[in-house]
Amino acid sequence: MSGKYLRVTIHDNDFTTSLMMVGKLLYDHFYKEDSYPTEEQLPMLKRCIKHLWFGAEEVKSLMRWGKILNPDFDYFEPHLEFVDHADIPEWDNYESIYIPMFDGGEVLVR
């Protein structure tokens, strides 16, 4: 397997589930629009991911605890970079997701 992936790292595996939701949403959008982000778009995409990830975590809290726990929005600061499939590790403490930048791929969690 080969191809380019967008690596989104959160540096905290307590939020892996909400990040996976965001990764699947983004991939579905990229795939359906047949448009993938460029290096120049990463700063804007980072801002979008921060909001999506924060919102997904709030939904998870509401469903799990019956209330929103008001996490600190500034804590949700993802790191984005493009990587080749060959550079994806087998394990990354569940702190990263890899979103394919091509059709027919699968979002990977490491």
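**Note on the predicted model: fold, salt bridges and backbone**

1. Among contacts in the chain between residues at least 6 apart in sequence, 71% join residues at least 24 apart. The model is a predicted one, and every value in this note is computed from it. The salt bridges of Arg-7, taken up in points 4 and 5, give specific cases of links between distant parts of the chain.

2. The secondary structure consists of 2 helices and 4 strands. Read from the N terminus, the order of the elements is β-α-α-β-β-β. The radius of gyration is 14 Å, close to the 13 Å that the globule rule gives for 110 residues, so the chain is as compact as a globular protein of that length. Along the principal axes, the C-alpha atoms fill a box of roughly 40 × 30 × 25 Å.

3. On surface and charge: of the 110 residues in the chain, 41% are buried. The chain exposes about 6800 Å², and 52% of this area comes from carbon and sulfur atoms. There are 11 positive and 20 negative charges, and their mean positions lie 6 Å apart.

4. Side chains of opposite charge can pair when their charged atoms come close. In this model the count is 6 salt bridges. One of them joins the side chains of Arg-7 and Glu-81, with an N to O distance of 3.2 Å. Arg-7 belongs to strand E1 (residues 4-9) and Glu-81 to strand E2 (residues 79-84), so this pair, 74 residues apart, links distant parts of the chain. Glu-81 is partly exposed because its relative accessible area is 26%, which falls between the 20% and 50% cut-offs.

5. Which residue besides Glu-81 meets Arg-7 in a salt bridge? The partner is Asp-92, at 2.7 Å from N to O. Asp-92 sits in the loop between E2 and strand E3 (96-100), while Arg-7 is in strand E1; the two are 85 residues apart, and the pair again links distant parts of the chain. Both Asp-92 and Arg-7 are buried. A reader checking the charged groups may wish to look at Arg-7 with both partners displayed, Glu-81 and Asp-92.

6. A further salt bridge is formed by Lys-60 and Glu-57, whose closest N and O atoms are 3.4 Å apart. Here the two partners lie in one element, helix H2 (residues 42-65), at a separation of 3 residues, about one turn of the helix. Lys-60 has a relative accessible area of 14% and therefore counts as buried, the limit being under 20%. Glu-57 is buried for the corresponding reason, with a value of 7%. Elsewhere, salt bridges that share partners join Lys-46, Lys-50, Asp-74 and Glu-77 into one network.

7. What does Glu-57 touch, leaving aside residues up to four places away in sequence? The contacts are with Phe-15, Ser-18 and Phe-76. Glu-57 is placed in helix H2, and its 7% relative accessibility is the reason it is classed as buried. The surroundings of this carboxylate therefore include two phenylalanines and a serine by contact, as well as Lys-60 by salt bridge.

8. Two residues call for a look at the backbone. Most residues other than glycine have a negative phi. Asn-93 has a positive phi, near 60 degrees, and Tyr-94 also has a positive phi, near 55 degrees. Asn-93 is in the loop between E2 and E3, and Tyr-94 is found in the loop between E2 and E3 as well. At 28% relative accessibility, Asn-93 is partly exposed; Tyr-94, at 46%, is likewise partly exposed, since the value is not over 50%. The loop between E2 and E3 also holds Asp-92, the partner of Arg-7.

9. Is Trp-65 buried or exposed? Trp-65 is exposed, because its relative accessible area of 55% is over the 50% cut-off. This tryptophan lies in helix H2, whose residues are 42-65. The C-alpha atoms of Trp-65 and Leu-6 are separated by 32 Å, with the two positions 59 residues apart along the chain.

Definitions and conventions:
Residues numbered from 1 in each chain as written. Predicted model: local features only at pLDDT ≥ 70, side-chain atom pairs only at ≥ 80, totals over all residues. Heavy atoms only, no water. Salt bridge = Lys/Arg side-chain N within 4 Å of Asp/Glu carboxyl O. Buried < 20%, exposed > 50% of the residue type's maximum accessible area, 1.4 Å probe, protein only. Rg over C-alpha atoms; globule rule 2.2 N^0.38 Å. Contact = heavy atoms within 4.5 Å. Areas by Shrake-Rupley, 256 points an atom, 1.4 Å probe, with all protein chains shown as cover. Lys, Arg positive; Asp, Glu negative; His and termini not counted. Charge placed at Lys NZ, Arg CZ, Asp CG, Glu CD.
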